[in-house]
Amino acid sequence: MRKHYLLIMLCVFTLLTNCSGNDDSPLTSESTTPATVETGKLSGKVMSQNGTKPIGGASVFTFDDKYKIYYTTSDSDGKFTLDAPVGNHTIYIQTGNGSNFRTEISATVKNNETLNLDVSQTKLNQVAKIAYVKGTYDKIEDIIQTLGYTATEITNNDLANLATIAQYDIIFLNCGSRSNYSSNPALFATIDTNLATFVANGGSIYASDWDVAYLVGGTTNTNNCSLAGGFVPDTKLCSKNIGTVGMVGATVNNAGLTTALGFNTLNIDFDLTAWQKIINYDPAYWEVLVKETSTNDALMIRTNHFTATSTTTIPIGNAPTTTFVTVCITLPGNIQISLSVPQALVPYLVALGATVGPCSGSSTSGYIYYTAFHNHASGNIGNAGVILQYVILNL
């Protein structure tokens with residue numbers, strides 16, 4: 001018994017004098033002082049793929065050899081400065097959660113030096129496959145093209161073919177596009193089911209103004225809160241076609257969007273009569289990004305909380321070929337960010353507290369964006385165009 005006691009005491013003494021279980025981390029006065037990490041800086045300007053537009057609100061980050069993240073965001077002019085550990089690193093530039101737009105750069109960081117990255121290196125690349133349905137009033141494809149990105153035109157008949165839309169990561173539904181097939185209501189149910197499957201499996205969609213009908217049912221001039229069709233429950237969203245022509249003062253209600261834009265108030269010109277006014281929405285389901293200043297009515301909302309238990313499981317867009325995984329990382333100050341990282345890094349980041357999947361919403365859902373305002377072929381809608389750039393890059 002005494003031998004066992006002495007053996008236990010010897011083990012405890014050994015653990016106390018070397019709690020790490022190895023010889024290179026003894027509990028001495030020297031080892032309790034954290035080693036100083038040598039760092040340098042990386043600076044640059046995030047630009048659109050064609051190099052013509054600065055991209056604000058982009059995530060810029062890297063990891064050290066122990067998988068600690070070094071993170072910053074670009075300002076409204078696209079500029080950033082990132083503190084990074086000395087050595088050879090991959091620098092990641094992303095918007096949204098990084099699944100659709102991202103760039104990787106190899107850089108060597110030197111102690112107390114600043115490496116200025118060339119704009120040819122910091123262009124934000126499109127990895128998503130994007131489609132749009134032609135509208136009567138909207139031309140979101142024009143904004144996509146001004147950024148140097150590409151989108152494929154599809155039709156409502158294509159929306160009725162799940163195999164066709166599953167090729168894409170993002171689908172833009174231009175205002176008035178649903179009315180283009182209002183003479184063929186037999187397509188409604190199929191399209192509704194397909195869009196539900198698309199979003200539930202990680203695809204993202206954007207709809208504007210009258211095309212709220214894709215979400216809640218109807219065709220155009222939606223005017224009640226109990227419509228047949230759509231795939232978003234009526235309890236989650238109701239929009240009525242009662243908006244009036246004129247300039248509307250608006251407030252940006254999201255910190256990330258404010259950073260990307262460089263302002264938090266704007267005027268939106270509703271120069272077409274009768275636009276869809278959001279009457280009510282579920283605040284636990286939707287995040288309000290832009291609201292009407294005088295009334296607090298929502299003008300731009302998004303969600304990634306969509307779920308549908310009866311939908312088909314199907315790979316969407318570039319998902320079958322990508323080696324990147326979305327993770328949630330917590331920064332100092334309990335700030336959570338959703339990023340896409342190489343699959344090989346995931347186990348190490350999880351060991352440090354990261355979780356697989358986005359920081360909020362359904363783990364498999366893509367985003368749904370809806371705006372009461374839109375970008376139409378003619379006329380000026382104020383500086384809402386830069387907000388729509390943000391929508392494109394953050395889907």
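Me: How many bridges pair strand β18 with β20, and in which sense do they run?
Reply: Happy to start there, keeping in mind that this is a predicted model. Strand β18 covers residues 324-331, and Val327 stands opposite Val356 in β20. The pairing of β18 and β20 is antiparallel, and the number of bridges is two.

Me: What is the order of the strands in the open sheet of three strands?
Reply: The pairing in this sheet is antiparallel. β19 (335-342) and β20 (355-356) each have a single partner strand, so they stand at the edges, with one side of each left without a neighbour in the sheet. The order is therefore β19-β18-β20.

Me: Which strand pairs with β1 in the parallel sense?
Reply: Let's look at two partners of β1. Seven bridges join β1 (residues 39-45) to β4 (residues 79-85), but these two run antiparallel, with Thr39 partnered by Pro85. Over three bridges, β1 also pairs in the parallel sense with a strand of residues 114-116, where Ser43 has Asn116 as its bridge partner. That parallel strand is β7.

Me: Which helix gives the most to the largest nonpolar core?
Reply: This core has 53 residues, and Phe172, Leu299 and Phe373 have the most contacts inside it. The helix you are after spans residues 384-394 and supplies seven residues to the core. It is α9.

Me: Which residues of α9, given as residues 384-394, does Phe373 touch?
Reply: Phe373 has contacts that include Tyr206, Ser208, Ile268, Phe270, Leu299 and Met300, leaving out residues up to four places away in sequence. To pick out the helix, keep the contacts whose numbers fall within 384-394. These are Ala384, Ile387 and Leu388.

Me: How many residues are in the other core, which lies apart from the largest one?
Reply: The largest core, with its 53 residues, is the one to set aside here. Among the members of the other core are Tyr168, Ile205, Tyr285 and Ala298. Its number of residues is 35.

Me: Which strand gives the most to the lining of the second largest pocket?
Reply: This pocket has a volume of about 300 Å³, and 15 residues line it, with Ile69, Ile329, Thr330, Leu331 and Pro332 nearest its centre. β3 (69-73), β18 and β19 each supply at least two lining residues. One of these strands gives three, the most of any, and that is β18.

Me: How many residues in the lining of the second largest pocket are nonpolar?
Reply: The lining can be sorted by class. Two of its residues are polar and one is charged. The nonpolar residues number twelve.

Technical notes:
Residues numbered from 1 in each chain as written. Predicted model: local features only at pLDDT ≥ 70, side-chain atom pairs only at ≥ 80, totals over all residues. Heavy atoms only, no water. Pairing = 2+ DSSP bridges. Helix = DSSP H or I, 4+ residues; strand = E, 2+ residues; numbered from the N terminus. Core = buried A, V, L, I, M, F, W, Y, C linked by side-chain atoms within 4.5 Å. Buried < 20%, exposed > 50% of the residue type's maximum accessible area, 1.4 Å probe, protein only. Contact = heavy atoms within 4.5 Å. 1 Å grid on protein atoms, 1.4 Å probe; cavity = no way out; pocket = protein on both sides within 12 Å on 5 of 7 lines; lining within 4 Å. Points joined across faces, edges and corners; volume = space filled by probe spheres on them. Nonpolar A, V, L, I, M, F, W, Y, C, P; charged D, E, K, R; others polar.
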